[in-house]
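Trainee: I am new to this structure. Please walk me through it.

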Amino acid sequence: MLDEVARLLACPHCGGGLEPADRTLRCSANHAFDLAKQGYVSLLGGRGAPGPGDTAEMVAARADFLAAGHYAPIVEALADSAADVHTGGPLLDLGAGTGHYLAHVLERLPAEAGIALDVSKYASRRAAKGHPRASAVLADAWQALPVRDGVVGSVLNVFAPRNPAETHRVLRPGGHLVVVTPNSGHLAELVSALDLLSVDERKPQRLADQLAGHFEPVGSNVREFPLNLDVAEIATLVGMGPNAWHLAESLPARIAELPTPFPITASVTVSVHRRS
Ligand SMILES: C[S@@+](CC[C@H](N)C(=O)[O-])C[C@H]1O[C@@H](n2cnc3c(N)ncnc32)[C@H](O)[C@@H]1O
């Protein structure tokens, strides 16, 4: 973990700033947090994790799928939006998963460092190695974020839980939140062929309602593109998402029965919000 990133972090027990020493982060009240040998630090609060987050299998599937470049248009759209509005300061990716998106945004912003925050230790292990200027923190996005007040330049949030009040607190004045959300047509062909969980059509309104009072909308753009996937890649795509929990047993047989090629549409919105 980079020392400059460690000094952005806050103690999950008392909120005091953390200072790095050897492989430990410590606050002035002497609460100490060791770096895991895989390179991330656990800053889960007293209540612990709400659940384990993504499993090792889901994280491995996500890493494979993203490394193959299938979501490259989303990565590009996010990086374009983030680079356009970023006015300086470190980045925080909430629910960062493998750290793939944060790594690409950091490539566009060579002066910045980043924090990949996720509640899954499997995701944090990967994110710790995702980019030389990224550090990984195991924490719950729904509790107080273990980050000091007003130190973050931009927050990224891609298909992941949000915490508008805490995001507002950790951002510098004038900082931005850049969000990727799936549209109701996202993977629609797969959703209907396999009875997967569908995206709520009211999602854009729910996002606006959640952010109201903390953020002003700056703009948004829709990215829609075809995915050309073979059966194994479809299994990877399904395995990296929430359906992995819901339909695990029946899925492999049903995926094997899909016609090939099977056209699938990816459809997301990248939206930018300025800290009020
Ligand atoms: C759909 S994945 C998206 C990951 C990454 N943003 C991406 O698009 O590749 C959602 C991520 O949120 C994480 N997550 C779920 N609940 C969380 C929580 N309460 N706090 C932090 N992360 C959480 C999961 O472990 C998972 O890595």
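**Sheet, core and ligand shell**

Trainee: Which residue in β3 stands opposite R26?
Mentor: Note that this is a predicted model. Strand β2 covers residues 24–26, and 3 bridges join β2 to β3. The two strands run antiparallel. Opposite R26 in β3 stands A32.

Trainee: Which strands stand at the edges of the sheet?
Mentor: The open sheet has 3 strands in the order β1-β2-β3, with antiparallel pairing. An edge strand has a single partner, so one side of it is left without a neighbour in the sheet. The strands at the edges are β1 (19–21) and β3 (32–34).

Trainee: What does the twist average from one strand to the next?
Mentor: Keep the order β1-β2-β3 in mind. From one strand to the next, the twist averages 25°.

Trainee: Which helix gives the most to the largest nonpolar core?
Mentor: That core has 76 residues. L78, L102, V105, V137 and L156 touch the most other members. The helix that gives the most, with 6 residues, spans 56–67: α2.

Trainee: Which leucines does L102 touch, leaving out residues up to four places away in sequence?
Mentor: The contacts of L102 include D93, A96, G114, A116, G130, H131 and A134. Also among them are two leucines, L91 and L156.

Trainee: How many residues of the shell around the ligand are nonpolar?
Mentor: There are 21 residues around the ligand, and G53, G95, G97, S120 and A141 come nearest. Of the shell, 6 residues are polar and 4 are charged. The nonpolar residues number 11.

Methods:
Residues are numbered from 1 along each chain as its sequence is written. This is a predicted model: local features need pLDDT of at least 70, side-chain atom pairs count only at pLDDT 80 or more; totals for chains, interfaces and linings use all residues. A residue is near a molecule or strand if its C-beta atom, placed from the backbone, lies within 6 Å of it. Ala, Val, Leu, Ile, Met, Phe, Trp, Tyr, Cys and Pro count as nonpolar, Asp, Glu, Lys and Arg as charged, and the others, Gly among them, as polar. Two strands pair if DSSP finds at least two bridges between them. Helices (H or I, at least four residues) and strands (E, at least two) are DSSP runs, numbered from the N terminus. Axes are lines fitted to C-alpha atoms, for helices over the stretch in contact, and angles run from 0 to 180 degrees between N-to-C directions. A nonpolar core is a set of buried Ala, Val, Leu, Ile, Met, Phe, Trp, Tyr and Cys residues joined through C-beta atoms within 7 Å. A residue is buried if 20 or more other C-beta atoms lie within 10 Å of its own, exposed if 12 or fewer, and partly exposed in between; C-beta atoms are placed from the backbone. Two residues are in contact if their C-beta atoms, placed from the backbone, lie within 7 Å.
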